[in-house]
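Trainee: Could you show me how to read a protein model, one feature at a time?
Mentor: Gladly; let us put it on the screen and begin.

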Amino acid sequence: MGSAARAMKTMGLTNLCLVNPIIKPDSQSISLAAGASDIIKNTQLFASLEQAIADCTLVIGTSARSRSLQWPHLTPKECSDKIIQETTNTRSKVALVFGRERVGLTNEELQKCHYHVEIPANPDYSSLNLAMSVQVLCYEIRMSMLNLDDQRSELKSNGNINSEFPVDADIERFYQHLEQTLLQTGFINANHPGQIMGRLRRLFTRARIEQQELNILRGILTSIDKKL
């Protein structure tokens, strides 16, 4: 915790959230934070990942392992550029999610992310500890922040600056609504759901639906529910 906070502060980032930590911030983490003890003291604690990312419009998870269900992947630079693009809209909140030191994020946790980012380390020795990973990705974010004016100009020229994306809590409600409707229509078997919802999550994640589009999809599901 302390080393991660130090890595963040050197790159100008201050908002650290912890999800159900085994050990809460203590004197040891403050000591390891060196001059970044203010980040440790202001750390927000959450009982679950869902609560931590509920108000975020963009969630990027870190992954060092290949998964059976492939997800949209980003390089560290692509990750940082996307974070800066998203935050040019001051209403948006983004989250960069790191897993446990030993085993990282679970497949279920990674499926709650819009993208996965992987640091292209030496395949023969890719032993980056958590604080090192935080430092590398925070550095990339710092570099993108320094090029913020160029990023804004590019967004304006592409006409994307006014796009509004739904927060994660709204997306999760959509997935729950979708699953319930598909169960009612018989498209999904409750006893043998397979990977259908996982693949649908990947589809909508890849599409990166906007708020208006989400409203349309919820309206379609509601009309199906009424017919049923």
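**Reading the model step by step**

Mentor: Start with the inventory of this predicted model: the chain holds 11 helices and six strands.

Trainee: What share of the 228 residues in the chain is buried?

Mentor: Buried residues account for 38% of them. On the outside, the chain exposes about 13500 Å², and carbon and sulfur atoms supply 50% of that area.

Trainee: And how do I read the contacts in the chain with a separation of 6 or more?

Mentor: Look at how far apart the partners lie in sequence. Here, 81% of those contacts are between residues 24 or more positions apart.

Trainee: Now the sheet. In what order do its four strands run?

Mentor: Follow the pairing from one strand to the next. The order is β4-β6-β3-β5, in an open sheet with parallel pairing. At the edges are β4 (73-74) and β5 (94-97), each of which pairs on one side only.

Trainee: How many bridges join β3 and β5?

Mentor: Four bridges, in the parallel sense, connect β5 with β3, which covers residues 58-62. To find your place in this pair, look for Val 59, which stands opposite Ala 95 in β5.

Trainee: Where is Lys 93 placed?

Mentor: Lys 93 belongs to the loop between α5 (76-86) and β5.

Trainee: Why is Lys 93 called partly exposed?

Mentor: Buried means under 20% relative accessible area and exposed means over 50%. Lys 93 has a relative accessible area of 47%, so this residue is classed as partly exposed.

Trainee: Which residues does Lys 93 contact, leaving aside its neighbours within four places in sequence?

Mentor: The partners are Asp 55, Cys 56, Thr 57 and Leu 58. For another distance, take Ile 83: 10 residues away along the chain, its C-alpha atom is 9.2 Å from that of Lys 93.

Trainee: Last topic: pockets. How is empty space found?

Mentor: Rolling a probe the size of a water molecule over the atoms shows where empty space remains. In this model, the second largest pocket contains about 580 Å³ of space. It is lined by 27 residues, and the closest to its centre are Ser 63, Ala 64, Ser 126, Leu 128 and Ser 133.

Trainee: Which element gives the largest share of the lining of that second largest pocket?

Mentor: Helix α7 (residues 130-146) does, with three residues. Sorted by class, the lining of the second largest pocket comprises 12 nonpolar, nine polar and six charged residues.

Key. Residues numbered from 1 in each chain as written. Predicted model: local features only at pLDDT ≥ 70, side-chain atom pairs only at ≥ 80, totals over all residues. Heavy atoms only, no water. Pairing = 2+ DSSP bridges. Helix = DSSP H or I, 4+ residues; strand = E, 2+ residues; numbered from the N terminus. Buried < 20%, exposed > 50% of the residue type's maximum accessible area, 1.4 Å probe, protein only. Contact = heavy atoms within 4.5 Å. Areas by Shrake-Rupley, 256 points an atom, 1.4 Å probe, with all protein chains shown as cover. 1 Å grid on protein atoms, 1.4 Å probe; cavity = no way out; pocket = protein on both sides within 12 Å on 5 of 7 lines; lining within 4 Å. Points joined across faces, edges and corners; volume = space filled by probe spheres on them. Nonpolar A, V, L, I, M, F, W, Y, C, P; charged D, E, K, R; others polar.
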